[in-house]
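Reader: I am new to this structure and would like to learn how to read it. Please take me through it one feature at a time.

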Amino acid sequence: MKNKLIAPSLLSADFGNLQRDIEMLNESQADWLHVDVMDGRFVPNISFGFPVMKTVQAHAKKFVDVHLMIVEPEKYVDEFINMGADLVSVHLEACTHLHRVINQIQDKGAKAGVVLNPATPVILLEDIIKEVDLVLIMSVNPGFGGQKFIENTYKKVKETKDMILDNNSTALIQVDGGVNLDNASKLFDAGADVLVAGNAVFASENPAKTIELLKL
C-alpha cells in the first residue's frame, strides 16, 4: 500500500496560538508536523529556531519533520535532534560534504532527508539515494510560504521514484510548496509519499477537514 502522508507546515500556523494549532494537528489526521527553519542566508527569509522548537517538542504528539534551509546545517543538526526532531532534511545545495551530514543525522538516531531546489536536477541524487531516508522535492523556490506550484514537479517526482526503484532504495518522496487540494492526488499518483501543506491547511475554514481531503 502506497503512503499518503500529510505533513502540515507550522510556518503557516498562528504563532500567537502555536500550542493550540499543534494540538489541533495532534487530533487531526495529519501524519507528521513539518518545521521549516530558515537562516536569511541560504534563503532570503528568517523563520523560527530553537525557542519555537521547544514549543513543538513540548506539545507535538506526532512525527516531527525538520527542514533546514540553512548554510552549514552540520553545526545545528544535533541540537534539533536533541529537541525532538525525528527526521532532519538538509539541502544538497547547502552541503559541501553531503554524505557526512546524512551520516551525522542517522548516527544521532534520526532519519535523514536530502532536499532539492526546483532548479537542481534529480541525477545529482544518484550517489546518495541508497543512504537517505527521504528525498524532499521543492515545488517552489524555498524561503517564503504561499508561492505558486511549479508544474515541472510532477516530472521530478517520477524521476526520483524511478531512481529509488532502480537502486533498491527505501527513501520516501516528499513534496513541499504550493501543495493544495487541486494537486495533491496528482502528486501522490506521480509517486510522492508525503505532502507538506501550509497555507492550504491553515488558511482553510476547517484545517482538520482539509487534511482529511488532502489524503483522498
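Author: Start with a single side chain: Glu159 has a relative accessible area of 31%, so it counts as partly exposed. Keep in mind throughout that this is a predicted model.

Reader: With which residue does Glu159 meet in a salt bridge?

Author: The partner is Lys155, and the N to O distance between the two side chains is 2.9 Å. Both residues belong to helix 5, which covers residues 153–166. They are four residues apart there, about one turn of the helix.

Reader: Where else do a Lys and a Glu in one helix lie about one turn apart?

Author: Look at helix 8, residues 207–214, where Lys209 and Glu212 are three residues apart. They form a salt bridge, with the closest N and O atoms 3.5 Å apart. Lys209 has a relative accessible area of 39% and is therefore partly exposed. Glu212 is partly exposed too, at 33%.

Reader: Which residues do salt bridges with shared partners join into one network?

Author: The network consists of Asp14, Arg20 and Asp21. Within it, the side chains of Arg20 and Asp14 meet at 3.6 Å, N to O. Arg20 is partly exposed because its relative accessibility is 46%, and Asp14 is partly exposed at 33%.

Reader: How many salt bridges does a search of the whole structure find?

Author: The search finds six.

Reader: Now the sheet. In what order do its strands run?

Author: The general idea is that strands of a sheet pair through backbone hydrogen bonds, either parallel or antiparallel. Here eight strands make an open sheet, with the order 1-8-7-6-5-4-3-2 and parallel pairing. Strand 1, residues 5–8, and strand 2, residues 32–38, are the edge strands, each pairing on one side only. From one strand to the next, the twist averages 25°.

Reader: Over how many bridges does strand 2 pair with strand 3?

Author: Strand 2 and strand 3, which spans residues 63–69, pair over seven bridges in the parallel sense. To find the register by eye, look for Trp32, which stands opposite Phe63 of strand 3.

Reader: And at the other edge, over how many bridges do strand 1 and strand 8 pair?

Author: That parallel pairing has four bridges. Leu5 stands opposite Val194, a residue of strand 8. On its other side, strand 8 pairs with strand 7, residues 172–176, in the parallel sense over three bridges. There Asp176 stands opposite Val196 in strand 8.

Reader: What connects strand 7 to strand 8 in the β-α-β unit?

Author: Helix 6, residues 184–190, completes the unit with those two strands, and the unit is right-handed.

Reader: Which way do the side chains of strand 8 point?

Author: Read strand 8, residues 194–197, as two faces. Val194 and Val196 point one way, Leu195 and Ala197 point the other way, and all four are buried.

Reader: Is Gln174 buried or exposed?

Author: Gln174 lies in strand 7. Its relative accessibility is 0%, so it counts as buried. Beyond the residues up to four places away in sequence, Gln174 touches residues including Ala7, Trp32, His34, Asp65, Val194 and Val196.

Reader: How many residues are in the largest nonpolar core?

Author: In soluble globular proteins, nonpolar side chains tend to be buried together. The largest nonpolar core in this model has 62 residues, and Leu10 and Val90 have the most contacts inside it. Apart from that core lies another, of twelve residues, among them Ala7, Leu134, Met138 and Leu172.

Reader: What is Leu10 in contact with?

Author: With neighbours within four places in sequence left aside, the contacts of Leu10 include Phe15, Leu18, Ile22, Val35, Phe48 and Phe202.

Reader: Which residues does Ile102 touch?

Author: Leaving out residues up to four places away in sequence, Ile102 touches Val90, Ala112, Gly113, Ile128, Glu131 and Val132. Ile102 sits in helix 4, residues 98–107, and is buried because its relative accessible area is 0%. Ile102 and Ala112 are ten residues apart in sequence, and their C-alpha atoms are 5.7 Å apart in space.

Methods. Residues numbered from 1 in each chain as written. Predicted model: local features only at pLDDT ≥ 70, side-chain atom pairs only at ≥ 80, totals over all residues. Heavy atoms only, no water. Core = buried A, V, L, I, M, F, W, Y, C linked by side-chain atoms within 4.5 Å. Buried < 20%, exposed > 50% of the residue type's maximum accessible area, 1.4 Å probe, protein only. Contact = heavy atoms within 4.5 Å. Pairing = 2+ DSSP bridges. Axes fitted to C-alpha atoms, helices over the stretch in contact; angles between N-to-C directions. Salt bridge = Lys/Arg side-chain N within 4 Å of Asp/Glu carboxyl O. Right-handed = clockwise from strand over helix to strand, strands pointing away.
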